[in-house]
Each structure stands twice: as C-alpha cells, then as structure tokens.
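This report covers strand pairing in a short sheet and the surroundings of one loop residue. The sequence and the structure come next.

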Amino acid sequence: MIRLICPHCGVAFLRLAPADDGEAVVCPHCRRSFVPEEEEWVDPEDD
Ligand SMILES: [Zn+2]
C-alpha cells in the first residue's frame with residue numbers, strides 16, 4: 001500500500017497501488033483530484 005496526502009485538504013489516505021506517472025487520483029475526503037508527487041510505501045501489517 002501507499003500513503004498519499006491530499007494537497008487540497010491535507011488528509012492522508014491509503015491506496016493499494018501507486019498511481020502511474022501523471023495519473024490523477026481522487027481524494028476520498030474532498031473528492032478533488034490531484035497528481036501525487038510523493039508516495040510513501042506502507043506495510044499494512046506494520047501499522
Ligand atoms: Zn482532499
């Protein structure tokens with residue numbers, strides 16, 4: 001999984017797979033789309 005932070009509302013959320021280059025993702029909180037610049041890999045068993 002990867003953790004992304006929405007640049008619009010600042011909410012961090014998880015995604016199963018990284019976005020492709022230039023692919024926009026939609027924030028589940030504010031529902032605005034953005035292209036992530038940084039993706040932080042997280043281990044779901046290590047949370
Ligand atoms: Zn957001």
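## Val35 and the three-stranded sheet

Leaving aside neighbours within four places in sequence, Val35 is in contact with Gly22, Glu23 and Ala24. The model is a predicted one, and Val35 is found in it within the loop between strand S4 (33-34) and S5. Is Val35 buried or exposed, going by its C-beta neighbours inside 10 Å? Val35 counts as exposed because it has 12 such neighbours inside 10 Å, and a residue is classed as exposed at 12 or fewer. Val35 and Val11 are 24 residues apart along the chain. Their C-alpha atoms are separated by 15 Å.

The loop that holds Val35 leads to S5, and S5 belongs to an open sheet of three strands. The strand order in this sheet is S2-S1-S5, with antiparallel pairing. Strand S2 (12-15) and strand S5 (40-41) are the edge strands, each pairing on one side only.

Strand S1 (residues 2-5) runs antiparallel to S2, and four bridges join the two. S1 and S2 also form a hairpin, with six residues between them. Gly10 lies in the turn of this hairpin and has a positive phi of about 80 degrees. The pairing of S1 with S5 is likewise antiparallel, and here there are two bridges.

Residue pairs across the sheet include those in the table.

| Residue | Opposite residue | Strand of the opposite residue |
|---|---|---|
| Ile5 | Ala12 | S2 |
| Leu4 | Phe13 | S2 |
| Arg3 | Leu14 | S2 |
| Arg3 | Glu40 | S5 |

Which residues stand opposite Arg3 in S2 and in S5? In S2 the residue is Leu14, and in S5 it is Glu40. Arg3 therefore has a partner in each of the two edge strands, S2 and S5. Leu4 has Phe13 as its bridge partner in S2, while Ile5 stands opposite Ala12 in that strand.

Terms used. Residues numbered from 1 in each chain as written. Predicted model: local features only at pLDDT ≥ 70, side-chain atom pairs only at ≥ 80, totals over all residues. Buried ≥ 20, exposed ≤ 12 C-beta atoms within 10 Å, placed from the backbone. Contact = placed C-beta atoms within 7 Å.
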